[in-house]
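Please look at the sequence and the model together before reading on. The report is meant to be followed with both in view.

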Amino acid sequence: MIEILEVRPPWRPADACVFDAQIGPNLRLYNLALRRLPNGHHRVLAPNAAGKHSASFAPPLANEIAKAALAKLGGQRADDADLAAA
């Protein structure tokens, strides 16, 4: 089970949002970025530590995390005025 705990506006223009996720009862990941690729797919990026990504995800898990984040966003960017007003 993947639960999106919080969604925030993106730090980079290419990203849809920055978010925190809980995967099962024992793992929380903070400051993940959801990026829309030119081909329409989405990629989940972990934050950097010492210039490298602090985590990577197998494609099936990355897809599940991305789907959960997109569902939480409701098809909008996190910095959309409409989403902020909701």
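The paragraphs below treat the overall make-up, the strand pairing, the nonpolar core, the salt bridges and two single residues.

This is a predicted model, in which local features need pLDDT of at least 70 and side-chain atom pairs count only at pLDDT 80 or more, whereas totals for chains, interfaces and linings use all residues. Residues are numbered from 1 along each chain as its sequence is written, and side-chain values use heavy atoms, with hydrogens and water left out.

The protein has two helices and six strands, with helices (H or I, at least four residues) and strands (E, at least two) taken as DSSP runs numbered from the N terminus. Read from that terminus, the order of elements is β-β-β-β-β-β-α-α. Of the 86 residues, 33% are buried, where buried means under 20% relative accessible area, exposed over 50%, and partly exposed in between (1.4 Å probe, protein chains only).

Strand pairing, which requires that DSSP finds at least two bridges between two strands, can be followed through two hairpins. Strand β2 (residues 15-23) runs antiparallel to strand β3 (residues 27-36), and seven bridges join them; within this pair Phe 19 stands opposite Leu 32. Three residues separate the strands of this hairpin, and Gly 24 adopts a positive phi near 70°. β3 also pairs with strand β4 (residues 42-45), again in the antiparallel sense, over four bridges, with Arg 36 opposite His 42. Here five residues lie between the strands, and Gly 40 in the turn has a positive phi of about 95°.

Phe 19 and Leu 32 appear again in the largest nonpolar core, a set of 18 residues in which they, together with Ile 4, Leu 34, Val 44, Phe 57 and Ile 65, touch the most other members. Such a core is a set of buried Ala, Val, Leu, Ile, Met, Phe, Trp, Tyr and Cys residues joined through side-chain atoms within 4.5 Å. β2, β3 and α1 (59-73) each supply at least two of its residues, and the largest share, six residues, comes from α1. Leaving aside residues up to four places away in sequence, Phe 57 touches Leu 29, Leu 32, Val 44, Ala 46, Ala 62 and Ile 65, a contact being heavy atoms within 4.5 Å.

Four salt bridges are counted, each defined as a side-chain nitrogen of Lys or Arg within 4 Å of a carboxyl oxygen of Asp or Glu; the table lists three of them.

| Pair | N to O distance |
|---|---|
| Arg 8 and Glu 6 | 3.7 Å |
| Arg 8 and Asp 20 | 3.0 Å |
| Asp 15 and Arg 35 | 2.6 Å |

Glu 6, Arg 8 and Asp 20 are linked in a network of salt bridges. Both Arg 8 and Asp 20 are buried, whereas Glu 6 counts as partly exposed because its relative accessibility is 40%. In the remaining pair of the table, Asp 15 counts as buried because its relative accessibility is 2%, while Arg 35 is partly exposed, with a relative accessible area of 22%.

Two further residues deserve a look. Gln 22 lies in strand β2 and counts as buried, at 12% relative accessibility; a polar atom of the Gln 22 side chain lies 3.1 Å from the backbone oxygen of Gly 24. His 41, by contrast, sits in the loop between β3 and β4 and is exposed, with a relative accessible area of 51%. Although His 41 and Ala 66 are 25 residues apart in sequence, their C-alpha atoms are 9.4 Å apart in space.

Notes
A polar contact is a pair of N or O atoms within 3.5 Å; within protein, one must be able to donate a hydrogen and the other to accept it, and residues adjacent in sequence count only if both atoms are side-chain atoms.
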